[in-house]
Amino acid sequence: MDPAVLAQTGGEIPPLTTEILVVFAIIGVAIVLFITEPLPIDITAIGVMFTLIALEPWTGVDAEMGVSGFASPATVTVLAMFIISEGIRRTGLVNIIGTKIADRYGTSPYKQLLAVLGLSGGSAGFINNTPVVAVMIPMVNTLSNRTGISPSKLLMPVSYVAMLGGMLTLIGTSTSILASDISGRIIDHPFSMFEFTQLGVLVLGTGVVYFATVGRLLIPERIEMGDELVDEFEMAEYLTEVVVTEESHLVGKTVDQSFTELDVDAELIQVIRGDQVFTEPLARTVIGPGDILVLRTDQESLMRLIETEGLELAPDAEVTDETLQAEEADMVPVSDQQLVEVVISPESSIRGKTLETLNFRQRYDATVLAIRRGGQIIHARMDERKLRPGDTLLIQAPDESIKRFANDREFIVAQELTLPDFRYERIPVALGIVAAVVGLAALDVMPILASALGGIVAMVATGCVKPNEVYSAVDWSVVFLLAGLIPLGIAMEETLAADWLAEVILVATVGLSPAVILALFYLFTALVTNVVSNNASVALMIPVAIEAAQSIGADPFTFVLAVTFGASTAMLTPIGYQTNLMVYGPGGYKFTDFFRVGAPLQLLLTVVTTLGLLVIWGV
């Protein structure tokens, strides 16, 4: 609809139909569920799919159209790229580069920052940015230990730059792949492999310059270097040593018998008997007189234990990292214990569950001492807390358990580990496969879907990814999210809901130039993405952007790109993008830190991206 026409008609908004209202109601409920997350977002997306099919007379989406998301090239391509990215991760390539950065720039915080930004942003264009950040977290902690700079100063830039680096190529993020599919379906213009690389380089460069100058000054130092983990997690008031007296009710009982009968918030971490330290498994260890028990408990529970169970405070007791790791020279540990931070990844299946329902201690052979959720540290009633993605657990565990955590994609171990199953000898092969996947698609020899499927076969056939690792490499929540949201875009087209929204936007922006409207679409999409999934933003906004562009005689493809880039730059909250959530706990950030650092960058990118779109593609 031409703005001049709107002005002549008084800028009236067209009437709503029943069909449009039904689709808007579905979208409204979905957005509320995405924000509040009473259910995982992928389950919400499947619920959207079911509702659209069930209400076919109003949504125009039949059963075949409703499940078309599972057969969509976007969904299958994203699935394939997860497996190809796993092939690169399993070779340990990024870890090797990180080690070289630590060796070369370990004494210069500024050079260290630039090197980390370059690695994070550059690799995210060809490997999914989520595993890139998962690898960067322990590397940053290693660098921080060498230079004394707080990991808080590095982790947020790593997340943001990985986010921007994902816009270098079509395969850098699932958002671009989904946007390409929608663009191809509506305006017959899918993205080529390097369709927007020029703009991606401009955007990435802007982010790097921002963090190398103003941005780094805005990032708070939430975690102080030099503190032991027990101090960093404020454990002094919650870890203590008590001595078992001869009159204690616990004498002669096993740990399991003793502590299941006690109605207090206390957990036994270690039993020290002379020069021996007993750690996991503790359940069948028999408590004897004179034993020193290392407990995690609060002051009130401790006093109850002393009064009722015949315990005494150990003289001059001080629990340190060395005590918990059982490495003192005069002690003979039953099993070597380590203290380590473990982050719950965004795609983890344990989100929403508690340590108690998971039977965490027995299941993982590890003891959780504290939970850090952003800037908040949780000690009390941890077993009853529902775990969230991004939570950082302070864990005491033997080496073998820590290695299992490191190999499990549901967790991120926030310390540098040399894993025995890295396939360093496969690095040239894995790089060759990625180059072939990208090259075949870029040269139009075959579609990206076909080359990516071929990449899966090649990764498995060459041993870069083992057959039993294929399915665990896929973030199935993203796959189901895409499959559930694609039919929502179809419903917006079928019911003309996208047309209605576009006309409302044009009424509200009468008199503004197409360039300003383009910038508003970018900024609005970015703001929406800060509270809902980036893929949901693309599915909702691209049909509207296309209709708005066609109504004012602008190039719809330019508007598609504006929405795509907006959905990949969620800078204001830790929940807007997976990588932000991953660094939230390890960086010790407060929720508001992301707004303070991200808001100036968000506005800067609005200007840079809009100008880049106008210069490269025009409007």
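**A five-stranded antiparallel sheet**

In this predicted model, strand E7, spanning residues 337-344, pairs with E11 in the antiparallel sense through three bridges. Within this pairing, Val342 sits opposite Val413 of E11. The two strands belong to an open sheet of five strands, arranged in the order E9-E8-E10-E7-E11 with antiparallel pairing. Its edges are formed by strand E9 (376-378) and strand E11 (411-413), each of which pairs on one side only. On average, neighbouring strands of the sheet are turned by 30 degrees against each other, direction ignored.

It is worth turning next to strand E8. Seven of the seven residues of E8 (residues 367-373) are buried, that is, under 20% relative accessible area, so this strand is largely enclosed by the rest of the structure. E8 runs antiparallel to E10, and five bridges join the two; E8 is also antiparallel to E9, to which three bridges join it. Arg372 takes part on both sides: its bridge partner in E10 is Thr392, while in E9 it stands opposite Ile377. Strands pair in this way through backbone hydrogen bonds, whether parallel or antiparallel. E8 and E9 also make up a hairpin with two residues between them. In the turn of this hairpin, Gly374 has a positive phi of about 65 degrees.

A helix completes the picture. Helix H19 (residues 399-407) lies across three strands, namely E7, E10 (392-398) and E11. Relative to E10, helix H19 runs at about 135 degrees.

Conventions:
Residues are numbered from 1 along each chain as its sequence is written. This is a predicted model: local features need pLDDT of at least 70, side-chain atom pairs count only at pLDDT 80 or more; totals for chains, interfaces and linings use all residues. Side-chain values use heavy atoms; hydrogens and water are left out. Two strands pair if DSSP finds at least two bridges between them. Helices (H or I, at least four residues) and strands (E, at least two) are DSSP runs, numbered from the N terminus. Axes are lines fitted to C-alpha atoms, for helices over the stretch in contact, and angles run from 0 to 180 degrees between N-to-C directions. Contact means heavy atoms within 4.5 Å. Buried means under 20% relative accessible area, exposed over 50%, partly exposed in between (1.4 Å probe, protein chains only).
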